[in-house]
Each structure stands twice: as structure tokens, then as C-alpha cells.
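Trainee: I've got a new model on screen and would like to talk through a helix and a sheet. Shall we take them in turn?

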Amino acid sequence: MPKKSKAKSVKRRGSDADAEQLPPKQSRPEPGDTPSPLCFSSPGSLFQSLIQPMGTEQFFREYWEKKPLHLQRSDPHTASYYQSLFQLSDLRGLCSQDLEYCRDVNVVRCINGKKKVLNKQGHVKNSVLNKDFVQNKATIQFHQPQRFKDELWRIQEKLECFFGALVGSNVYITPQESQGLPAHYDDVEVFILQLEGQKRWLLYNPTVPLAAEYSVESEERIGSPTHDILLKAGDLLYFPRGTIHQANTPAGVDHSTHLTLSTYQRMAWGDLLLDIFPSLLCDRSKTEVSLRDGMPRRFLLGNGEGLDVSRQLAAGLRSLADEMETGMQDVRSTHMKRDFISNRLPPYIQQELLTPSGRIPALEDVVCLRFKDHMVITVEPSQERTDEATELVVFVLHSLRNPRESHMMGESCDEEEEQDISRGLQFPVSHLQALRQLQQAETLAVAQLQLPTPEAKLSLLLALWSESLLVVL
């Protein structure tokens, strides 16, 4: 599932078994009526409860980015809670909310290893969806259900805080004796929650470990499965990006519904290097004359290539690496931070609570930041155009007013909203240390802020308070 882009159509395969009608509707448990086995007191406790009985430390030491993990749960309360997150019978109500094919729902089937898309034009009608599900043995893929389901919003918002990365989701509903995806691998870390029924998963060794892109793999290339797993309601399955997998709903199981939570797309060291390198080279070029020396004449025409050019570039990179290793060169992530904070979910809280809280801060007060996990600080060139040399400024960016409805859908904001998100709060670079003080401390006396004047302290605090990012204790 792509980050910040419209979810890809998935590959499905179904059998020719006939069915005349959808299964009878089940009574619908709501999350509020079903005790949650998850703990929402903190991002860490949420993840720990998601993977229980395994511990978080063991998971990251032994499984994360390394190998699959299957957690079997025989607890009926967990199974009931999972079912309350999303079930087949939810589709009727959701279809009344102007769902569109491709954007919100894909109806697909994989025949002989090839995907056949059964999407219609325009809005999704429940009767047509039912017909494809029953008669065509198609799989229904529902994109980003956290836009509609409050409990998934609650879960994914906490997980985004835990990982410090976007967390998307898709729901897959597959009739019995049908296979959805052909063998393929993804570019995300995958957590699968079995919500209804059962599904059989075959996992294979990666042909591209920790893959950076999605790809279908042929049966000839994947070999024998390393894991043959039957997921039952309440079970969880994790596997790293690059793990080749395919799944089917077994005979005798009316249908399978599972939720895929995915994260860590484009979050590798290589991605960070791509993000920080432009600013590193720019900063270094200001103090290192050799990086400002001109390239050989006609280099761009192909006449200057050779070993001397490679040596010159390697020397510059080596010098830059030495400066980074000794801490003499700042490492500043900008684009990855902006991408994350402007596209993640807003806090799981009523919008009326996202207003300035309490009284305006004064010099004698003790203060603390609100929504720390929804805020990032960047240092980057000023966006103001002047005739003077470009200066660095500090931006405080937050996700408090991000639109939940477009989370992970790749929908652009209107021009005013986009400008608001991209700019955030702007401060002189002299305010960076004070902002870091606030970010690192649980509480802080205003008098301790490392700013030269009372006016500067109050100006900073008032700006943060006005954005609902700070409260007076």
C-alpha cells in the first residue's frame, strides 16, 4: 500500500464455486460495546498490547525486519473486538457514504496469476458489490477504513506516534475457496489482524530482502513456502517488507475478513541520506572552498568523465563524512519530517478540544507542550525572498488539524490549506535551543527558557499556545 498515494489495486484470484446469496447478516458488535484488549494509555502500551503475549523488546530484537511472526489467540474477547473493527455487514452502511470505485473500493479477482479488475464506474452500490462477491467470487478491498471507523483511527493514530511513521490500512474480504493476491511482496512492514473467518497464508523467502517497492513474483521464482499458516479470528501475523506471500480462504469457511496495517514505507537509511544530503552539501559548501571549485570544462557534454572526477567527488564525500562523524556538521531531516507530519492522522480527540487551553502564559508560569508526538521541529532555509544571503530559520510543524478523511489517500489540500501546512510556525534560528528545551522537558519554568529577553520568551510561548501546542500548568 503506497504511502500518501491512492492504494493500489490488488491482485485476486477466486474459484468457480457457486453461491446464490450473501451470508445472513450477523449482529454487529460495536467497539464501545466490546471490551478492548488493547491499552491506549501510551503509544508504547498500545503496541505492546497489540502483540501480546510477546514483549516489545523481544519483537524488535528477533522479528522486526527479520522474519515472520504468527500470534495465535484463543481468547473469544479478542476475536469479538477484532470483528467489531470491520466486518462484511458494514459494507451496506458504508456504501451509502458516496464510496467510489478505485478511490475507496477495489473489486478484483486473480485468474491464472493475472489480476482482473471488476470495478464499475462511479459510486459503489451495495447490491452490485454483493453480486460480484457472491457470483464472481471476487475479493473486496476497502481502502483506508480509518477514515470511517473511529476505533481504527484511534489505533492507527497511536501506532503513528509509536513508529514515528505513517500507518495505513486496508480491509480484504474474500469468499470461500478464493485466493486474493497472487504471490507478491510489499515495500511495507505488515501486521495482519484476522477479523472474521479464517485465511491460509503461504510465506516464502524474499528474493529482494527489505524491498523498496511492490512487485509480483512468479511461481517459478519463489520456491517452496517457508511458512504455511492458518489465521483464525483474533490472530495476528507480522512479516517484514520483501516477504513473498499469498493467501486464500479455505473451503468450509464462509468468508474471510482481515485488516492489514502497514508502516515504514520509505523509512530506510538510504531514504534518510537522500533527505539530508542536499542540506549537508549546501552547508559544507559555504565553508569548504574546494566544493565551490568549478567542474572540468565540457563535463556535462561527456568529455570530462574519468578517474580524476571520481577521486575528486570521493574526496569531498569523505571530508563530509568525517565532519558528520565528529559532530561538526549538523544533520537535518526536512522533507521526511514534513511528509510525515503533514500526512499523518490528527489526534484522536474531539476537534473542539484542539483549541488554546487555559490562560495565556506569563513570565512566572510553568508550562509544558501538548501533543508532542504530533509536532516536529525543522531547521531549513527561509522561504522569504530577499536580496540578501539565505538564512536558516526554525519551523514548528504539527498535525493537529490534519484532515482524517483524506489520510493516506493522496488527495491534495486546497492552496490555502497546503500553504498553511507547509509553512507552520516560523521562528529565528536563535529560538532553536528554547524549543528543544520545551520538547525534551516534561515541564519547564518560563524563566529557564534560553532566550535573551522576556519579550522573546513570551512571544515564543504565545505563538505555541495560540496553536494549541502549549499549556500553562
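**A helix and a sheet**

Mentor: Sure. This is a predicted model, and a handy place to begin is Gly327, which follows α9 and has a positive phi, near 80°.

Trainee: How far does α9 reach from its first C-alpha to its last?

Mentor: Helix α9 covers residues 307-325, 19 residues in total. At 1.5 Å a residue you'd expect 27 Å, and the model comes close to that, with a reach of 26 Å.

Trainee: Why do the buried residues of α9 line one face of the helix?

Mentor: The buried ones are Val309, Gly316, Leu320 and Glu323, and α8 (269-287) is part of what covers them. Turned away from that side are the exposed residues Leu307, Asp308, Arg311, Arg318 and Glu325. Look down the axis of α9 and the buried residues line one face because they fall within an arc of 60°.

Trainee: On to the sheet. Which strands stand at the edges?

Mentor: The sheet is open, with three antiparallel strands in the order β20-β16-β21. A strand at the edge has a single partner, so one side is left without a neighbour in the sheet. That goes for β20 (444-445) and β21 (470-472).

Trainee: Which residue in β21 does Leu369 stand opposite?

Mentor: β16 (residues 366-369) pairs with β21 over three bridges, in the antiparallel sense. Across from Leu369, in β21, is Leu470.

Trainee: And what angle does the direction of α12 make with that of β16?

Mentor: Helix α12 (residues 432-440) packs on the sheet and touches β16, β20 and β21. Its direction and that of β16 make an angle of about 80°.

Note on methods
Residues are numbered from 1 along each chain as its sequence is written. This is a predicted model: local features need pLDDT of at least 70, side-chain atom pairs count only at pLDDT 80 or more; totals for chains, interfaces and linings use all residues. Side-chain values use heavy atoms; hydrogens and water are left out. Two strands pair if DSSP finds at least two bridges between them. Helices (H or I, at least four residues) and strands (E, at least two) are DSSP runs, numbered from the N terminus. Contact means heavy atoms within 4.5 Å. Axes are lines fitted to C-alpha atoms, for helices over the stretch in contact, and angles run from 0 to 180 degrees between N-to-C directions. The expected span of a helix is 1.5 Å times one less than its number of residues. Buried means under 20% relative accessible area, exposed over 50%, partly exposed in between (1.4 Å probe, protein chains only). The arc is that of the directions from the helix axis to the C-beta atoms.
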